[in-house]
Amino acid sequence: MVVSDEPGRAALKPLSRRTLTAVVVGLTVFTTVVVTVLWWAGTRGLTDDKLVAARFEALRIGLSIGIGGGGVFALYLAWRRQRATEDDLDNRERALALQRQVAADTVAHQQRTADASEKDAAERRITELDTKAADQLGSDKAPVRLAGLYALRRGFKSARSGSRPNGS
């Protein structure tokens with residue numbers, strides 16, 4: 001079954017074998033009835049060559065009507081096939097647009113996650129440097145305490161300027 005989301009455009013249900021058989025039998029019966037009516041009613045009272053010509057003409061007209069009916073049904077089937085193909089193409093285009101949107105959303109989410117991870121890593125490095133500098137400030141040796149003080153100052157400057165410390 002073809003699904004259509006357009007307003008006013010109903011979905012086409014597949015034709016069953018029973019429906020197709022009924023149409024073919026109906027066209028055959030209709031053609032037979034037309035040929036029979038034209039054969040008998042159109043040739044009443046005729047004889048010889050006129051009878052043969054009239055019956056041939058009745059057969060030709062009746063079969064033409066039957067073939068025309070079959071042609072109309074074939075056009076209907078071609079229209080259904082075209083519409084089903086167009087609906088399928090529309091569905092594929094909508095699916096592709098949805099896939100593209102999902103891919104764009106996924107890329108944006110991955111970028112946000114990467115940015116957040118990078119920021120967390122930078123903050124973790126600053127925290128580790130500050131912790132190390134604070135430990136150095138508690139040292140018994142003056143040069144180690146001075147190095148800790150310089151490390152804190154460097155971390156403070158880099159935090160204010162937005163640059164990242166180099167990890168040293």
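Which helix of the protein chain has the lowest mean pLDDT, and which the highest? I began there because pLDDT is the predictor's confidence in each residue, from 0 to 100. Helix α3 (residues 142-161) has the lowest mean, 78, and helix α2 (residues 48-137) has the highest, 93. For the protein chain I noted a mean pLDDT of 86, with 89% of its residues at 70 or more.

I kept in mind that this is a predicted model, in which local features need pLDDT of at least 70, side-chain atom pairs count only at pLDDT 80 or more, and totals for chains, interfaces and linings use all residues. Residues are numbered from 1 along each chain as its sequence is written, and side-chain values use heavy atoms, with hydrogens and water left out.

Next I looked up α2, which has 90 residues and reaches 132 Å from its first C-alpha to its last, close to the 134 Å expected at 1.5 Å a residue. Among its buried residues (under 20% relative accessible area, 1.4 Å probe, protein chains only) I found Leu 51, Gly 62, Phe 73, Arg 80 and Asp 87.

I then turned to Tyr 76, which lies in α2 and counts as partly exposed because its relative accessibility is 35%, partly exposed being the range between buried and exposed, the latter over 50%.

Last I looked up helix α1 (residues 17-41), whose 25 residues reach 35 Å from first C-alpha to last, close to the 36 Å expected at 1.5 Å a residue. In α1, Thr 31, Val 34 and Val 35 are buried, and what covers the buried residues of α1 includes α2.

Technical notes
Helices (H or I, at least four residues) and strands (E, at least two) are DSSP runs, numbered from the N terminus. The expected span of a helix is 1.5 Å times one less than its number of residues. Contact means heavy atoms within 4.5 Å.
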